[in-house]
Each structure stands twice: as structure tokens, then as C-alpha cells.
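Visitor: I would like to learn how labels such as "buried" or "salt bridge" are decided. Could you take me through the reasoning step by step?

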Amino acid sequence: MTLLSMQGVKILATGSAIPHSVLNNHQISNMVETSDDWITTRTGIEERRLLTGENKSVVDLGTLAALKAISKTNISPLDIDLIILATSSPNDLFGSASQIQARLNASKAVAFDLTAACSGFVFGVVTASQFLQTGSYKVVLVIGADVLSKWTNWSDRNTCILFGDGAGAIVLQNCSLEKNQLLGFQLNTDGLHWNHLKLSYKEESKPHSSLNIYQGSFNYISMNGKEVYKFAVSQVPLSIMKCLQSLDISVSEINWLLLHQANERILTAVADKLSISRSKVIMNLNKYGNTSAASIPLALDEAVCEHKIVNNDIVVVSGFGAGLTWGTFVLQWRS
Ligand code: UT7
């Protein structure tokens, strides 16, 4: 979708945070029947980070990533109008964004959670842009943070090899249309196939003793890896092409392809389908695994800090995952 906006969106800064504790493939092979060779060959993942320790949550990681991003700007937390926390692993089902708002002392900001699994950051940035382009808000903080280690069945080799914990953040500000950096977006949902990847609520077999209500608790993550793989490799290139076509940007103009860091084979297959050189694919999943909503802002922050992404670069960003949800936005970087 091209943006028929009154104002533009400017990126002020990015930040990220990862836990200290490292879990490598050899350690996982002592827990389930797998091997370092199988995991690296099939996914590209070598190790991941886990948020260990008592009472640690997505709020700790999200706050740290946000503080790092804010510290690179000349805004104060009091200047933030809106905080969007993209997460599927809150420490409170009523939302965790307000706890981050309090920790940042961003008392003027309204804060809410956005749940769209691994597409959460893309959906969060697009949501933020709507408020910025209309002029409703001037400064928006978008955080992508997840601690899926808390929801992973560590005896299930189909899933436990994939996920890691992390957080990334971006500070956005409205600006004149000439300085706009968010060129366009394309979002999708396919609820018919929600079953392929879920962290679903499991009811008790019997209802409450006096009320006919079924209570329960949330299960571990379960996934049909093959189906999710096929979905990503078929749908993500289409989303990217639709978005580029709406902007009249050709594939050859793309400097960087930044995809949700799910599996190296998915990332290279998408690049190959689009005839984008693999050297333009940003990838750090070998170090962190799939960090869900955190993976894109974490990789973006690293690429910016390493001066890979430089002034005027066109960056195509796509997220995909549970829901099923997927989507793309296109950035023009300005340093
Ligand atoms: O954010 C989105 C999140 N999810 C994804 O992106 C997941 C997308 N899917 C994938 O990344 C891949 O499907 C996986 C990495 C999950 C699995 O790779 P695959 O190449 O699709 O393997 P597979 O499920 O077809 O399994 C191949 C074989 C099977 O054995 P048989 O039936 O051929 O004898 C599995 O039982 O590998 C076996 N296997 C394993 N072996 C060692 C499955 N998991 C493992 C394991 N270690 N961890």
C-alpha cells in the first residue's frame, strides 16, 4: 500500500537487548535426540540466548532495548506519545507495555501490547506509522520483545532447537513528507491455517463445579514445521513483490533484505525466489535463533551499528509467523 499521508515517518534510533545466558546446539543435543550438525544444516542456528533467573520477563528485555534506543536520540522519555510492545510472551495477559512505560518514566505515553507473533514488529511499526502520519502523535516507541523460552517444550525437538529470547526497539518521529523513511507496507492474515503454529489455551476436561465454564491454562508452542516453512517461502516473496510494485521500486534497487530470522533456508529461499543476491540478506540467526517479534529489530539494530545499512539504502523488511500473519514494509534509511 502506498502511503497517502499528511506527514512522514522518520527513524530516530534503534536499540536491542539480549540475555547473557547462551545455549548452544551441543547443549541441546544433551537434552533431546538431535545434533549440532542437524540443527546447523537444517536451520543455520548455532546458539541462542535464554532469559534466566527469577522474575525476569519480557519487561526487562524490552525496557533495556528501549533505553538503548532512546539514549541514541535527543528525546526524553517524557516526549514519547505512544509505546507499542509487540510480544506474544507477556508477563501479564492484560498487557506488559504499561510496565515498560512505568520503568521508562514515559508517563505521558499511552502504551499497549500488540500480538502478532513473529510478524509483531512489522505490524507494530505499521500501526505506529498511522498515528504519526495523521499527526495524532509525534514520537512513538515500538518494541519487539519475546521470551519464548518460557513457552517452549524443552523435550520437543521439533521446536526447542529454534527459539531464543531477545528484544529490539525503534524510536519513530513524524516529519515532513520530504524526509519520510517509511515508503510503504503490505500486511496479511490467514486465520484458516492458525493451527500450524500455536501457543493455545488448553481447557480442563471438566467444567467448574458449579458454573458451566471451562477453565484452563496455556500450552507449550506447537508447530507443523513443514507447513510453516512452505507458507513462508511461498507467501513472503508475494508480499514483498506486492509492496514493491505499489511503490514502483524494482528488485534491483533493494540494498538489504531483512526478514524475520526463522531459518537460514527460508531466508535464502525467499532471496533466491526474488533474484536478490544472498549477500544482501541480513542474517544473525546463527547467534540468537528465532527470537519471534524481537528478531527483526535486533537484526536491524546490529546492521545499523555495524554500518552495513548506510544513508539512502532501501531496506525491505518482512515478518511472518503464527496467525498465520505476514507482512512487509519498505524503508529508506537516512543517517
Ligand atoms: O517464526 C516462524 C516459526 N517457525 C518456522 O519458521 C519453522 C519453519 N520450519 C522449519 O524451519 C523446518 O521445517 C524445521 C527446521 C522445523 C524442520 O526442518 P525440516 O527440514 O522441515 O525437517 P522435517 O520436519 O521434515 O524432519 C526431517 C527429519 C524427520 O525424520 P524422518 O521422518 O525423515 O526420519 C524428523 O523426525 O528430521 C527429524 N527431525 C530431527 N532430527 C534431529 C526433526 N527434528 C529434528 C531434530 N534433530 N531437532
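Guide: Let us begin with a cut-off: a residue is called buried when its relative accessible area is under 20%, exposed when that area is over 50%, and partly exposed in between. Please keep in mind that this is a predicted model.

Visitor: What makes Glu-302 buried or exposed by that rule?

Guide: The relative accessible area of Glu-302 is 15%, and because buried means under 20%, Glu-302 is called buried. Its partner in a salt bridge, Lys-287, has a relative accessible area of 30%, which lies between the two cut-offs, so Lys-287 is partly exposed.

Visitor: How do you know that Glu-302 and Lys-287 meet in a salt bridge?

Guide: The rule asks for a side-chain nitrogen of Lys or Arg within 4 Å of a carboxyl oxygen of Asp or Glu; here the N to O distance is 3.2 Å, so the pair qualifies. Glu-302 belongs to helix 9 and Lys-287 to helix 8 (residues 285–288), and the pair, 15 residues apart, links distant parts of the chain.

Visitor: Why is the pair of Asp-301 and Lys-72 said to tie together parts of the chain?

Guide: The closest N and O atoms of Asp-301 and Lys-72 are 3.1 Å apart, and they form a salt bridge. Asp-301 lies in helix 9 (residues 295–305), while Lys-72 lies in the loop between helix 3 (58–71) and strand 4, so the bridge joins parts that are 229 residues apart in sequence. Asp-301, at 5% relative accessibility, counts as buried, whereas Lys-72, at 44%, is partly exposed.

Visitor: What separates Glu-227 and Lys-230, which also form a salt bridge?

Guide: Glu-227 and Lys-230 are three residues apart in helix 6, which means that about one helical turn separates them. The structure holds five salt bridges, these pairs among them.

Visitor: Why is Leu-93 called exposed?

Guide: Its relative accessibility is 66%, and because exposed means over 50%, Leu-93 earns that name. Leu-93 sits in the loop between strand 4 (82–86) and helix 4 (97–104), and together with Tyr-201 and Phe-218 it makes a nonpolar surface patch of about 330 Å².

Visitor: How do you know that Cys-243 is in no disulfide?

Guide: A disulfide needs two cysteine sulfur atoms within 2.5 Å, and the count by this rule is zero. For Cys-243 the nearest cysteine sulfur, that of Cys-175, is 18 Å away, so the rule is not met. Cys-243 is also buried, with a relative accessible area of 0%.

Technical notes. Residues are numbered from 1 along each chain as its sequence is written. This is a predicted model: local features need pLDDT of at least 70, side-chain atom pairs count only at pLDDT 80 or more; totals for chains, interfaces and linings use all residues. Side-chain values use heavy atoms; hydrogens and water are left out. Patches are made of residues with over 30% relative accessible area and no salt bridge: like charges are joined within 9 Å, nonpolar side chains (Val, Leu, Ile, Met, Phe, Trp, Tyr) within 5 Å. Accessible areas come from the Shrake-Rupley method with a 1.4 Å probe; for residues, only the protein chains shown count as cover. Helices (H or I, at least four residues) and strands (E, at least two) are DSSP runs, numbered from the N terminus. Buried means under 20% relative accessible area, exposed over 50%, partly exposed in between (1.4 Å probe, protein chains only).
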